[in-house]
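User: Please take a close look at the sheet of one chain and at what surrounds it. I should like one connected explanation, with each term defined.

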There are 2 protein chains.
Amino acid sequence: MSEEVIHPPAEELSMPKVLAALADPARLATVRTLARVGESSCGQIQHDAGLEVSKSTMSHHLRILREAGITHSRVQGARRLLTLRRDDLDARFPGLLDAVIQPELAASR
Amino acid sequence: MSEEVIHPPAEELSMPKVLAALADPARLATVRTLARVGESSCGQIQHDAGLEVSKSTMSHHLRILREAGITHSRVQGARRLLTLRRDDLDARFPGLLDAVIQPELAASR
DNA sequence: CCCGAAGTTCGATGATCGTCGAAGTGTTTG
DNA sequence: CAAACACTTCGACGATCATCGAACTTCGGG
């Protein structure tokens, strides 16, 4: 098995870490965008979420989300394709993700 | 109408602020304790939640929770009696509170 | 083969945070 | 009335955070 990026195992997700990751407006927008559009690249997310930050800042936010266990990152060529770790989050913290992505769009699972 | 303590109106609750308030372990424990035991005083909460912090730190945490709109504080003599603002939180962010107080105890509403 | 695109990593900087003790305010109790 | 109680407020402290630009790596296309 060859993973390209490190992700915390599902059992290690901690509520405070997850909440802290979601507490930043840019990261919350990122998660909501990801819930809406599905798997996409860093640049695409930044565009779709309408975030006006530098690349390094965006990279930083995505790292926080990944290390909190909220997103999964797989490498495809020059790109990183990100997805929400819905199943792990729902298993560990039922209802939380749906509650933070708010609108009826939560049904887009 | 004479309020003794300032609380943000229900419409002004912001998701990032609420999440940031809940992201600290001491404050999360406070909220869960409050959900379990109902209205109680600062000192009682601190005891029930098993928090070993100074009084000033406790006061600080309780202020964050109050200003985020998560708790309501009413003055009774020398004490402050705190409650969760369940209705406001459920109206504004359905499912969020139940998701963070986690266990089946969530039904203790 | 080289250049642009996509991200990451590395300081650095200013802001915010959690924590404390000391001092203050108001309340109950002996 | 004085002392104990229940909190809050006020600096102060070290730690963490969000942000940036610059430099670096890796991949894709002419």
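Analyst: Two strands pair if DSSP finds at least two bridges between them. Helices (H or I, at least four residues) and strands (E, at least two) are themselves DSSP runs, numbered from the N terminus. The model is predicted: local features need pLDDT of at least 70, side-chain atom pairs count only at pLDDT 80 or more, and totals for chains, interfaces and linings use all residues. Residues are numbered from 1 along each chain as its sequence is written, while chains are lettered from A and ligands numbered from 1 in the order in which they are written.

In chain B, three strands form an open sheet in the order β1-β3-β2, with antiparallel pairing. Its edge strands, β1 (40–41) and β2 (71–76) of chain B, each pair on one side only. On one side, β1(B) is joined to β3(B) by two bridges, and these strands run antiparallel. Here Ser40(B) stands opposite Leu82(B) in β3(B). On the other side, six bridges link β2(B) to strand β3 (residues 79–84) of chain B, again in the antiparallel sense. Two facing pairs can be located there: His72(B) is opposite Thr83(B) in β3(B), and Val75(B) is opposite Arg80(B) in β3(B). The strands β2(B) and β3(B) form a hairpin with two residues between them, and Gly77(B) in the turn has a positive phi of about 65°.

The side chains of β3(B) deserve attention next. In a regular strand the side chains alternate between the two faces of the sheet. A residue is called buried if 20 or more other C-beta atoms lie within 10 Å of its own, exposed if 12 or fewer, and partly exposed in between, with C-beta atoms placed from the backbone. Along β3(B), Arg80(B), Leu82(B) and Leu84(B) point to one face and are buried, whereas Arg79(B), Leu81(B) and Thr83(B) point to the other and are not.

A helix accompanies the sheet. α2(B) packs on the sheet and touches β1, β2 and β3 of chain B, its direction making about 85° with that of β3(B). Contact means that the C-beta atoms of two residues, placed from the backbone, lie within 7 Å. Axes are lines fitted to C-alpha atoms, for helices over the stretch in contact, and angles run from 0 to 180 degrees between N-to-C directions. The expected span of a helix is 1.5 Å times one less than its number of residues. The 13 residues of helix α2 (residues 25–37) of chain B should therefore span 18 Å, and the end C-alpha atoms are indeed 18 Å apart. Among the buried residues of α2(B) are Leu28(B), Val31(B) and Leu34(B). After α2(B) comes Gly38(B), whose phi is positive, near 75°.

Helix α2(B) also takes part in the meeting of the chains. 16 residues of chain B are in contact with 16 residues of chain A. On chain B, the elements giving two or more residues to this side are α1 (15–22), α2 and α6 (96–100). The most, five residues, come from α1(B).

Finally, β3(B) leads to the DNA. A residue is near a strand or molecule if its C-beta atom, placed from the backbone, lies within 6 Å of it. The surface near DNA strand D receives at least two residues from each of α4 of chain A and α3 (42–49), α4 and β3 of chain B. Of the 22 residues around that strand, Ser56(A), Gly77(A), Ser41(B), Gly43(B) and Ser59(B) come nearest. The hairpin residue Gly77(B) is instead listed among those that come nearest to DNA strand C.
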